[in-house]
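Let's take a walk through a protein chain together, going from the inside outwards. Keep the picture open and look for each part as it comes up.

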Amino acid sequence: MREMADFLRSRRDRLRPEAVGLPTYGRRRVPGLRRAEVAQLAGISPDYYMRLEQGHPVRPSPSVLDALARALRLDADERDHLYRLARAEPAPLRRRADEEAVPGVRRLLEQLDAVPAYVLNGRLDVLAWNAMAAALVADFAAMPRRNLVWYAFCDPRARSFYVDWETMARQGIAHLRAATGRDPGDPATRELIEELTGRSEEFRTWWTWQDVKGPGAGRKEFRHPEVGRLTLDYVAMLLPGTLDQQLVTYTAPAGTPSQTALDRLAALAAERSQAP
C-alpha cells in the first residue's frame, strides 16, 4: 500500500484550497491540501484517510476510490492508476506474448511504409517498428536498450531530437509510472527504473512527482538531423488481446512542410535500403 500512499500524498500536495473551493485563512504548513480537507471533500473520516496515506493495509471500496479521485481532481489516467494501486487481488501475471508483437501487427507495420509506426509495451519498450519509424527516431536495432524512456535520458541525441525534451521525458516517466500500477512486481520494469535512477538526476527528481499517463493522441515536434523540424500528429492505440501493447503512428497534414519532410525522409530510407 506504500505506492498508493505516496501517490495520494503527491496528488494532495499539488492542490491549493482555492482550487477546490476551500477557504485559505490561517498559516498553512503544507504546500497543498491538508489531510482533513481531502477527507472532507471525499466524504470520509480524517482517520480513515490518514491510514490510507500512512500505507496501512486498508482496502478502499470503489465508491471511496471514486470519491478520492473527485476530491483530488484526478484525470482519467490518474484515476485508473489509483484503482490499480488499490487492488486487493494480486496483479495478473505478465504473459510472455505481450513482450513480442504478433505477426499480423508486424505485417501491418510493413504496410504502413509511408507512415512512421512502432509497437510499444507499457514501459515503452519498442517491440516492433517499420523503416520510417527507424528513419525518424533512431536505429532501434542498434540501441543498447530498446526503450523510449531510456533513449530520452541516456542517449544524448534525444535532447536535440525532441524540440521540447523535458515534456517528452516527463511523459515517458508518466507512462512508466502507469506501468508499475498495472504490474507492480515486473522485474524488467523495476530494473529499468533502477538504471535510470542511477544515471539521471532529472529522472530521480521527476520520478518522485508520481505523474501517470496512458495511451492517447496529440502532437509532437522533432528536430531531425537530415530533414529538419517536423510537427507530427501521433495516435497511440491499444492492441486487442494484449496486456498493454500500443500501436503508435505519426502523420502530418497533406501539403504541409512536415509532410514534405516526411516525404524526403521516406526517399532517404528507400535509398539506404537499396544500397549494397
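## Starting from the core

In this predicted model, the largest nonpolar core is made of 46 residues, and those with the most contacts inside it are Tyr-118, Leu-136, Phe-153, Leu-196 and Phe-203. Helix H8, residues 148-154, gives the most to this core, with seven residues. Apart from this core lies another one, of 28 residues, among them Val-20, Leu-52, Leu-85 and Val-212.

Now pick out Leu-136 and look around it. Beyond its neighbours within four places in sequence, Leu-136 is in contact with Pro-116, Phe-161, Phe-222, His-224, Leu-230, Leu-232, Tyr-250 and Leu-265.

Some of those names lead us to the strands. Strand E3 covers residues 217-224 and strand E4 covers residues 228-238; the two run antiparallel and are joined by eight bridges. Phe-222 stands opposite Leu-230 in E4, and both of these residues are among the contacts of Leu-136. To get from E3 to E4, the chain passes through a hairpin of three residues. On we go to strand E5, residues 246-251, which runs antiparallel to E4 and is joined to it by six bridges. Here you can find Met-237 opposite Leu-247 in E5.

Next, let's visit two loops with a backbone surprise. Most residues other than glycine have a negative phi. Arg-73, though not a glycine, has a positive phi near 55°. You will find Arg-73 in the loop between helix H4 (62-71) and helix H5 (76-85). Leu-124 is not a glycine either, and its phi is positive too, at about 70°. Leu-124 sits in the loop between strand E1 (117-120) and strand E2 (126-129).

Are these two loop residues buried, exposed or partly exposed? Arg-73 has a relative accessibility of 43%, so it counts as partly exposed. Leu-124 has a relative accessibility of 7%, and therefore counts as buried, since the cut-off for buried is under 20%.

Finally, step back and take in the chain as a whole. Its secondary structure comes to 13 helices and five strands, and its C-alpha trace spans about 70 × 40 × 35 Å along the principal axes. Of the 276 residues, 46% are buried. Among contacts between residues at least 6 apart in sequence, 56% join residues at least 24 apart. On the outside, the accessible surface comes to about 14,100 Å², and 52% of it belongs to carbon and sulfur atoms. As for charge, the chain has 41 positive and 37 negative charges, whose mean positions are 5 Å apart.

Notes. Residues are numbered from 1 along each chain as its sequence is written. This is a predicted model: local features need pLDDT of at least 70, side-chain atom pairs count only at pLDDT 80 or more; totals for chains, interfaces and linings use all residues. Side-chain values use heavy atoms; hydrogens and water are left out. Helices (H or I, at least four residues) and strands (E, at least two) are DSSP runs, numbered from the N terminus. Buried means under 20% relative accessible area, exposed over 50%, partly exposed in between (1.4 Å probe, protein chains only). Contact means heavy atoms within 4.5 Å. Accessible areas come from the Shrake-Rupley method with a 1.4 Å probe; for residues, only the protein chains shown count as cover. Lys and Arg count as positive and Asp and Glu as negative; His and the chain ends are not counted. The place of a charge is taken as NZ of Lys, CZ of Arg, CG of Asp or CD of Glu. Two strands pair if DSSP finds at least two bridges between them. A nonpolar core is a set of buried Ala, Val, Leu, Ile, Met, Phe, Trp, Tyr and Cys residues joined through side-chain atoms within 4.5 Å.
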